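User: Could you take a close look at the part of this model where the ligand is held, and then set a few individual residues elsewhere in the chain beside it? I would like one connected account.

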Amino acid sequence: MAETLIVSSSADKAERYQALLPQIQSLTAGEKDLIANLANTAAALKQTFGFFWVGFYLVKENELVLGPFQGPIACTRIKQGKGVCGMAWQKAQTLIVPDVNEFPGHIACSSESKSEIVVPAFKNGRVFLVLDIDSDKLNDFDHTDAVWLQQLMKMLEPLL
Ligand code: SME
């Protein structure tokens with residue numbers, strides 16, 4: 001297992017994702033424990049991009065429950081349709097929120113969070129978990145993040 005990430009800090013966002021994904025693949029290959037793999041994935045994203053908060057919420061008994069994350073403490077349970085995470089789960093699709101204050105029902109775990117992206121991952125055709133990333137900058141996520149993070153979730157799906 002690689003123990004250091006090699007991603008150039010001068011590379012643009014797409015180049016960083018391109019360098020990062022195969023490294024997450026080799027970090028998670030050969031490890032069947034889901035929590036270990038999600039924990040390293042959250043850490044790798046945080047380390048590469050310096051996001052304010054990166055983590056997973058897992059669908060458990062019809063709620064989202066906080067999983068491995070990097071960043072300040074966060075709310076532990078989210079109901080379907082609530083907040084950005086609950087809405088991404090309900091719609092089974094990626095949501096990009098350029099300004100969280102403009103999103104009706106946004107759940108503010110921290111007042112420092114300004115923009116957010118949530119990407120679901122699927123098992124047997126149903127949402128199994130969502131990846132939630134918060135930025136302390138407005139409008140920090142775009143189509144490039146959505147495409148690469150969806151690819152990352154596809155890569156993790158066989159491990160779910
Ligand atoms: N803001 C999220 C809640 C989770 S925290 O950001 C970590 C939401 O509205 O679903």
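Analyst: A polar side-chain atom of His106 lies 3.2 Å from a nitrogen atom of the ligand, and this is a convenient place to start, with the reminder that the model is a predicted one. The neighbouring position in the numbering, Ile107, contributes through its main chain, since a backbone N or O atom of Ile107 is placed 2.7 Å from a nitrogen atom of the ligand. On the oxygen side of the ligand, a polar atom in the side chain of Asp132 is found 3.4 Å from a ligand oxygen atom. Considered by itself the ligand exposes 310 Å², and the protein buries 99% of that area.

The surroundings can be described residue by residue or by element. The ligand has 13 residues around it, and the closest of them are Val84, Cys85, Ile107, Glu116 and Asp134. Ile107 is thus one of the closest residues as well as the one whose backbone atom lies 2.7 Å from a ligand nitrogen. Sorted by class, the shell consists of eight nonpolar, two polar and three charged residues. Three elements, namely strand β1 (53-60), helix α3 (83-91) and strand β6 (126-135), each provide at least two residues of this shell, and α3 gives the most, with three residues. As for the space that holds the ligand, the ligand sits in the largest cavity.

Beyond the end of α3, the loop between α3 and β4 (95-97) contains Ala92, which has a positive phi of about 55° although it is not a glycine. Most residues other than glycine have a negative phi. Ala92 counts as partly exposed because its relative accessibility, 34%, falls between the limits of 20% and 50%. A second residue with a positive phi of about 55° that is not a glycine is Asn139, located in the loop between β6 and α4 (143-156). Asn139 has a relative accessible area of 55%, and is therefore classed as exposed, the cut-off being over 50%.

Another loop, the one between β1 and β2 (63-70), holds Asn62, and with 56% relative accessibility Asn62 is likewise over the 50% limit and so counts as exposed. In sequence Asn62 and Ile78 are 16 residues apart, while their C-alpha atoms are 9.5 Å apart in space.

Two further residues belong to regular elements. Thr48 has its place in helix α2 (residues 34-49), and a polar atom of the Thr48 side chain lies 2.8 Å from the backbone oxygen of Ala44. The relative accessible area of Thr48 is 9%, which is under 20%, so Thr48 is buried. Lys123 is part of strand β5 (residues 115-123), and because its relative accessible area of 33% lies between the two cut-offs, 20% and 50%, Lys123 is described as partly exposed. The C-alpha atom of Lys123 is separated by 8.3 Å from that of Pro158, although the two residues are 35 positions apart along the chain.

To return to the ligand, the account rests on contacts from His106, Ile107 and Asp132, within a shell to which β1, α3 and β6 each supply at least two residues.

Methods
Residues are numbered from 1 along each chain as its sequence is written. This is a predicted model: local features need pLDDT of at least 70, side-chain atom pairs count only at pLDDT 80 or more; totals for chains, interfaces and linings use all residues. Side-chain values use heavy atoms; hydrogens and water are left out. A residue is near a molecule or strand if one of its heavy atoms lies within 4 Å of it. A polar contact is a pair of N or O atoms within 3.5 Å; within protein, one must be able to donate a hydrogen and the other to accept it, and residues adjacent in sequence count only if both atoms are side-chain atoms. Accessible areas come from the Shrake-Rupley method with a 1.4 Å probe; for residues, only the protein chains shown count as cover. On a 1 Å grid over the protein atoms alone, a cavity is a set of points where a 1.4 Å probe fits but cannot get out, and a pocket is an open set with protein on both sides within 12 Å along at least five of seven lines; lining residues have an atom within 4 Å of a point. A molecule sits in a cavity or pocket if more than half of its atoms lie within 2 Å of its grid points. Helices (H or I, at least four residues) and strands (E, at least two) are DSSP runs, numbered from the N terminus. Ala, Val, Leu, Ile, Met, Phe, Trp, Tyr, Cys and Pro count as nonpolar, Asp, Glu, Lys and Arg as charged, and the others, Gly among them, as polar. Buried means under 20% relative accessible area, exposed over 50%, partly exposed in between (1.4 Å probe, protein chains only).
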